[in-house]
Amino acid sequence: MRKIKEFIIEKIIFICGVISIFFVVLIFFFLLKEGLSLFKTIPFSHFVFGKNWYPISEPPQLGILPLILGSILVTFGAIIISVPIGVASAIYIAEISPGRIKEILKAGIELLAAIPSVVLGFIGMITLAPWIKTIFNLPTGLTALAGSIMLAFMAMPTIVSIAEDALYSVPKSYKEGAFALGATHWQTIYKVILPASSSGILAAVMLGIGRVIGETMAVMMITGNSAVIPHSFLQPVRTLTATIAAEMGETVIGSEHYFALFAIGIVLFIISFVINVTADLLLHRRIYEKS
Amino acid sequence: MKNPKRIEKIVFSFLFLSTCLIVVPVGFIVLIVVIKGLPAINWQFLTDVPREGMRAGGIFPAIIGTIYLVIGAILFALPVGIFAAIYLSEYSKDNFLTRIIKLAIVNLAGVPSVVYGLFGFSLFVIFFKFGASILSGSLTLGIMILPIIITASREALESVPYSFREVSWSLGASKWQTIRSVVLPNAISGIITGSILGIGRAAGETAPILFTVAAFYLPQLPRSIFDQAMALPYHLYVISTQVPNVEEKIRYGTALILLMLVLCMNLIAIIIRYRLRKRKTW
């Protein structure tokens, strides 16, 4: 009797163990199931390279190029801001800050990670956007620049914590070796610790990009939501994620527009999949090198 | 070349400034929300339904909706997550399957939240015909927080020393008995910490509930798990972008309640983790 009970429990444990694989496949399957229907009526190239996103005109024009470029522009801006600041902070926290301050800084960054994105979007809307509007003398502050700054901020916890881990896991003997040769602390960081942790830092940057591309609510509230091909940081844009969030509620189930939103979901899923697998490989390479 | 000691001083000040560039705004954001939101908080705000097109009254249905959603999500994710963690820490071997499972968990954690919304909509709302309901929303949020719970529980289980298991086996206990009466009790604080962080995440997310449960305006409370519900993060989104002329006080008040809910969860998790670290003797 106990044998049977144990057998059943172990089977349940196994099923729960592999359930993550099941969910990833299930998510992809359901996105494909709805999204692929789009390509029966609209060729793939028109969807990806089409310059117009007018989903409610008749017939609907469903080109996501403006949305892709919007996402790329905002992400690019966010990465330009967040990578130098994030890596610099990671170095400061991992290498320089004394014990007490280190704990406070880490708590501050954890706090940032915990703030819901809709709260950050709200604060950005009523503080950041008006500043940008007055500084650059624009008709509206809800621009790609506002989105980039907000997203840079939101990517920080990811970048800092993973880069800090990478820096921290460089063997102590490397550092001692450099010190013994007369190098200063900064020379040691720059010439020894940073190169030794480069793949971990690269992974941190990639996961930061993943966080930025997938972010939805703050971006929707702060980038101004206009689906045109962007020409500068100072105009409103719309991202892939914001398009799904903003339009899904109003679309008719089974319409081309509905299928197109799922097709955008496929694009996002594939992007995040590639980023996460690459980052995972980078992090694992580091571990293998060490042992 | 200049004096390397001086270069070091300059560089270190820059690194310090960069860190301040992150931490100081975080402090400001929390401070702004608290200072501007506090005047809105009173008994009526917490216990009344929204009135006059959400420009007055309270946010009670949104608070209750979020609590229901979080309870539903954790009821699903906690058992599944713990069992998955037990598999990874106690049963799995270092083989291809385990590698794929770990990769799947990493991916699940990285899927954009709005894609969870699409998935939840097509699977729970349409395919299973649950409709836009608390059930659909909870399950969607539950799958989303699963990686957080698995990762935290697994770490907790793996930090229980191997010798504890060996002693239990040598006394004739079976593998499952050992897990249930020796490994799990010693890992429980870590598991609770992970679950609370998951709850905080589920309470704050908006995109996954947009199409699976969230109601724009619903002055009565949900009566069953097949009802729609209001939720705090969605309510904040609605009153700050969709409804014109809402008093700023009400927006800040809603943001404050949401922020406090999420930060309290994190604070509890941090305290448990801290006490656990102090108590641990092995």
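Helices here are DSSP runs of H or I with at least four residues, numbered from the N terminus. Keep in mind that you're working with a predicted model.

**Exercise 1. Find the helix that holds A:T241, then decide whether this residue is buried or exposed.**

Step 1: A:T241 sits in helix α12 of chain A, residues 240-247.
Step 2: A residue counts as buried if 20 or more other C-beta atoms lie within 10 Å of its own.
Step 3: A:T241 has 29 other C-beta atoms within 10 Å, so it's buried.
Step 4: Now look at who's around. Skipping neighbours within four places in sequence, A:T241 is in contact with A:G214, A:E215, A:T216, A:V219 and A:L268, plus B:P112 and B:V114 from chain B.
Step 5: For a long hop along the chain, try A:I68: it is 173 residues from A:T241 in sequence, while the C-alpha atoms are 9.9 Å apart.

**Exercise 2. Work out what the chain A side of the contact with chain B is made of.**

Step 1: Chain A puts in 64 residues and chain B puts in 66.
Step 2: On the chain A side, helix α1 (residues 2-35) gives the largest share, with 18 residues.
Step 3: Sort that side by class and you get 45 nonpolar, 15 polar and four charged residues.

**Exercise 3. Check the length of helix α7 of chain A against its residue count, then look for a bend.**

Step 1: Helix α7 of chain A covers residues 144-168, which is 25 residues.
Step 2: The expected span is 1.5 Å times one less than the number of residues.
Step 3: That puts α7(A) at 36 Å, and its end C-alpha atoms are 35 Å apart, so the two agree.
Step 4: There's still a bend of about 40 degrees at A:A155, with the proline A:P157 following within four residues.
Step 5: 22 of the 25 residues of α7(A) are buried, so the rest of the structure largely encloses this helix.

**Exercise 4. Place B:P208 in chain B and list what it touches.**

Step 1: Start with the chain: chain B has 10 helices and two strands, in the order α-α-β-β-α-α-α-α-α-α-α-α from the N terminus.
Step 2: B:P208 falls in the loop between α8 (175-204) and α9 (232-242) of chain B.
Step 3: Loop or not, B:P208 is buried, because 31 other C-beta atoms lie within 10 Å.
Step 4: Leaving out residues up to four places away in sequence, B:P208 touches B:S113, B:Y116, B:G117, B:G120, B:T140, B:L141 and B:M144.
Step 5: B:E155 is 53 residues from B:P208 along the chain, and their C-alpha atoms are 27 Å apart.

Notes. Residues are numbered from 1 along each chain as its sequence is written. Chains are lettered from A and ligands numbered from 1 in the order in which they are written. This is a predicted model: local features need pLDDT of at least 70, side-chain atom pairs count only at pLDDT 80 or more; totals for chains, interfaces and linings use all residues. Two residues are in contact if their C-beta atoms, placed from the backbone, lie within 7 Å. Ala, Val, Leu, Ile, Met, Phe, Trp, Tyr, Cys and Pro count as nonpolar, Asp, Glu, Lys and Arg as charged, and the others, Gly among them, as polar. The bend at a residue is the angle between axes fitted to the seven residues ending there and the seven starting there. A residue is buried if 20 or more other C-beta atoms lie within 10 Å of its own, exposed if 12 or fewer, and partly exposed in between; C-beta atoms are placed from the backbone.
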